Amino acid sequence: TTNGRQVYVGNIKQPLTEASYDTDKILKAPPGKLYGFSDKSFIDLELGAGNINVMESAGDRLLVFSDDTLTIVNIAQDYEFLEASLPGMGVDNKHQVARVSEGVAFVNAAGVFYFDGDNVINISENALDSISWGSSSVVSYDAAKKLIMVWVSDTEIYYYSLKTKTWISKSSVLDTITIPETNSVNYKGQMYVIDTNTNNLMKLDESESGTNAIELTTGRISCGNFAMEKTFKKLHLTVANPSAAFSVFFGVGNASP
């Protein structure tokens, strides 16, 4: 997950030569870099929560989800400190967690929760206690409508409005949408998920329309000191289930691809 200019990666398997791994370690990339995780740059805390399944950030907090526990790490300063360890708040899969504006929503067997940047709130308590939530439930966020959307199945969807702080019946918001298999990301007011069967990027809306016209870009790759000549000899691409021909474009400096 990314917080500000810092990238964190969890569930690190070190050392690779041994049978048992240190899977609750969190490494940090250099500030402003999306890569380059040194063994010597890590969060120096004993989380003790087991394997890290999901990490997400909100404000100056890092939310670390294991099988049973949610660990909240304060990353506001140059050094990190453990702020809270919440048993029973863990998740198994990424689709159980979604970034929501300045907070994070997540669902597990205990209910649906919203971390507003300071507190973890059980937003399903008393209202939807009879629902069978679990690891197969999926949570997404519709930024345009300010709705936390939670799927239990294809035909069982619940919506929590951050505007009114209430649950809304699905008939008043959206028609039935097939349960997504990944958590969603928001772009220009639309929600997108990956169809794991076709590897297509799908748009979630009333008509369930999807699009395959996807452009993936790396962004600018820093090569360090431009005074030193460098040579790029190979470009390696791995494509899963290619359904059609594709092209690769690249540019150097200000040259057009």
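This passage walks through a four-stranded sheet, a set of salt bridges and a nonpolar surface patch in a predicted model.

Let's start with the sheet. Strands E12, E13, E14 and E15 line up in that order to make an open sheet, and their pairing is antiparallel. Strand E12 (138–142) and strand E15 (166–168) sit at the edges with a single partner strand each, so one side of each has no neighbour in the sheet. Going from one strand to the next, the twist averages 30°. In general, strands of a sheet are held in pairs by backbone hydrogen bonds, in either a parallel or an antiparallel way. Here, E12 pairs with strand E13 (residues 147–153) in the antiparallel sense, over five bridges. To pick out one spot, valine 139 has valine 150 in E13 as its bridge partner.

Next come the charged side chains. The structure has seven salt bridges. One of them joins arginine 99 and glutamate 56, with 2.5 Å from N to O. This pair ties together distant parts of the chain: arginine 99 belongs to strand E8 (residues 97–100) and glutamate 56 to strand E4 (residues 54–58), and the two are 43 residues apart. The partners also differ in how covered they are. Arginine 99 counts as partly exposed because its relative accessibility is 39%, whereas glutamate 56 has a relative accessible area of 7% and is therefore buried, the cut-off for buried being under 20%.

A second salt bridge brings aspartate 60 and arginine 61 together at 2.7 Å, N to O. Aspartate 60, at 29% relative accessibility, is partly exposed, while arginine 61 is buried at 12%. These two don't stand alone, as Asp60, Arg61, Glu83 and Asp118 are linked in a network of salt bridges.

Another salt bridge leads back to the sheet. Lysine 145 bonds in this way with aspartate 142, and their closest N and O atoms lie 3.6 Å apart. Lysine 145 is partly exposed at 33% relative accessibility, but aspartate 142 is buried, with a relative accessible area of just 5%. The stretch 138–142 is strand E12, one of the edge strands.

Finally, there's a greasy spot on the outside. Leu235, Leu237, Val239, Phe246 and Val248 make up a nonpolar patch on the surface, and together they have about 480 Å² of accessible area. Among them, leucine 235 lies in the segment after strand E18 (200–204). Its relative accessibility is 61%, so leucine 235 counts as exposed, a label that calls for over 50%.

Conventions
Residues are numbered from 1 along each chain as its sequence is written. This is a predicted model: local features need pLDDT of at least 70, side-chain atom pairs count only at pLDDT 80 or more; totals for chains, interfaces and linings use all residues. Side-chain values use heavy atoms; hydrogens and water are left out. Two strands pair if DSSP finds at least two bridges between them. Helices (H or I, at least four residues) and strands (E, at least two) are DSSP runs, numbered from the N terminus. Axes are lines fitted to C-alpha atoms, for helices over the stretch in contact, and angles run from 0 to 180 degrees between N-to-C directions. Patches are made of residues with over 30% relative accessible area and no salt bridge: like charges are joined within 9 Å, nonpolar side chains (Val, Leu, Ile, Met, Phe, Trp, Tyr) within 5 Å. Accessible areas come from the Shrake-Rupley method with a 1.4 Å probe; for residues, only the protein chains shown count as cover. A salt bridge is a side-chain nitrogen of Lys or Arg within 4 Å of a carboxyl oxygen of Asp or Glu. Buried means under 20% relative accessible area, exposed over 50%, partly exposed in between (1.4 Å probe, protein chains only).
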